2 protein chains.
Amino acid sequence: MSGALVVLSGGVGGAKLVEGAYALSERAGMVVIVNTGDDFCHLGLQISPDIDSVLYALAGYSDRERGWGRQGESWQFMQAIRELGGPTWFNLGDLDLATHVMRTLGMRDGQSLSEVTSRMANAWAINAQILPMTNEPVATIIETNEGPLPFQRYFVERQCAPALQGVHFQGSSDASPAPGVVAALAGAATIIIAPSNPFLSVDPILAVPGIREALEAAKAPVIAISPLIGGQSIKGPTSKIMAELGMAGSNDDIVAHYAGLIDGIVTHISDPVPPTIESAQTDTLMQNSHDKSRVAQCALDLARRITR
Amino acid sequence: MSGALVVLSGGVGGAKLVEGAYALSERAGMVVIVNTGDDFCHLGLQISPDIDSVLYALAGYSDRERGWGRQGESWQFMQAIRELGGPTWFNLGDLDLATHVMRTLGMRDGQSLSEVTSRMANAWAINAQILPMTNEPVATIIETNEGPLPFQRYFVERQCAPALQGVHFQGSSDASPAPGVVAALAGAATIIIAPSNPFLSVDPILAVPGIREALEAAKAPVIAISPLIGGQSIKGPTSKIMAELGMAGSNDDIVAHYAGLIDGIVTHISDPVPPTIESAQTDTLMQNSHDKSRVAQCALDLARRITR
């Protein structure tokens, strides 16, 4: 396998897998294609939560206890915003703010999200390519029983409480893959779909015209890692959403969702082995660096088995 | 005297006097007209250093040891900006950032600097009107032996090292006084020119067409407080600049500079009494709240004496 490892990733859960893969020797030339459907403008700042999760994970900056944002983070800015009567539903840490301010500045100066992201990765000595799925604006909109909600309003402000009836990706039909995305998929040795929310974090990537097609045409085996353990999502609303969409919430639903795209799936060790597709089992709960690399290695081993 | 106390102020030094006046019983309806010639856009944020100094002083937020910015300030954002290779010559504290982010957001939403400032003063329960000299952009440009420098580049980045040859206020001829400024001067009971830098902090206010005229036409006595003690400025480059402009650096130069505008001057207790104008003497070094109020009271008493 001459090509690189390519990972499709959303935010926190995906970033753990990306971090695990980055610690392996196969990381050389690793490319991460990241969901930008969650991106939004808040307090005048351009925020790319999933890109930031991946950047922080690979820079070694992730907060391991809180599960999001930067370690050693402080909240003085938020306290001052509160005193000024500003919006407080979305937390911006003092360290994290620098990322958003520099991104906003770069994009206002005419840099693309790709360029801004690449500069940050370089500044933090990250030895992997982190590519936004697209440089065009795409917004994940959640159709709920209370009406349509932009992603962050649903996910952060409402804590996923409203019942999800559907999802659409505003702007995706006019978007094109960011530079390098299609080439990375075409030339990949292995493609992993991280255990991110398939509906909210991976589907927006697949909705960018050209990415699904590149994945289908890729020579490399495509391995998904299931976000479910015992039918439940470890973190986030995957299983709640699956129930709301009328699914049983098993790995079979994940396999069906990715039908035509994936060649294999990694599932949790105690879950039933999916009957219709190549699979590998491991403990998919990623609590420490060892876990993260083990899950990534399991996906790579499955890819190797399929390729042979 | 039925009108209010009106103070013309620059940043740190002026804000001390404003704080002193605010603590007096005569503060009812107090209006502060603040220099905005130092305002600039940095990291995409709209920064009004002198307005912020006055806001922080009256909110009780000023850092007394550092002499600028907010007490309890932290610098995590700056550390993260440094890691990202961003500009570090102008320090933005984590608390302070909230002011700039909220101002930038408000102005992008179409609010004037007056409106944004007034909202902040309300949020911090400040019982005085803080008015920018103008809502139009005016930029203080320092002509130096190294060429023209925008104010913050000269003052903060270069620490006033280049020799000053002149000052101009870009945009001032097209600017108009912010709402309330002319009316406040016309209806004032007393007008105080704070011990701010006459050339860099007070002159930009006077350069806004209509303000000098309103000051000249005001019925109230106008009292300047000298920024000099023994011919030296306590803080900042006033005496250095006076030397560069060929002045001896005495209170007579200050009186001459404000000729036609002021009716009296407060000077330091050990300095020679200015011969050509009504004056009062006190220790003008403002190290604590008591000092600040004493100096403000001295100016008010001088005004009362002149009015009688």
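In chain A, 67% of the contacts with a separation of 6 or more are between residues 24 or more positions apart; two residues are in contact if their C-beta atoms, placed from the backbone, lie within 7 Å. This is a predicted model, in which local features need pLDDT of at least 70, side-chain atom pairs count only at pLDDT 80 or more, and totals for chains, interfaces and linings use all residues. Residues are numbered from 1 along each chain as its sequence is written, while chains are lettered from A and ligands numbered from 1 in the order in which they are written.

Here is chain A in brief.

| Property of chain A | Value |
|---|---|
| C-alpha trace along principal axes | about 60 × 40 × 40 Å |
| Radius of gyration (over C-alpha atoms) | 18 Å |
| Globule rule (2.2 Å times the number of residues to the power 0.38) | 19 Å for 308 residues |

Because those last two values are close, chain A is as compact as a globular protein of that length.

Now to the pairing of the chains. The contact takes 22 residues from chain B and 22 residues from chain A. On the chain B side, helices H3 (76-83), H4 (94-108) and H5 (113-123) each give two or more residues (helices are DSSP runs of H or I, at least four residues, numbered from the N terminus). H4(B) supplies the largest share, nine residues.

A turn of 180 degrees with a shift of 0.0 Å along the axis lays chain B on chain A with an RMSD of 0.0 Å, superposed by least squares on C-alpha atoms of residues with pLDDT of at least 70 in both. That is the relation of a two-fold axis. In chain B, the C-alpha of B:Asp94 is nearest the axis, 3.0 Å from it.
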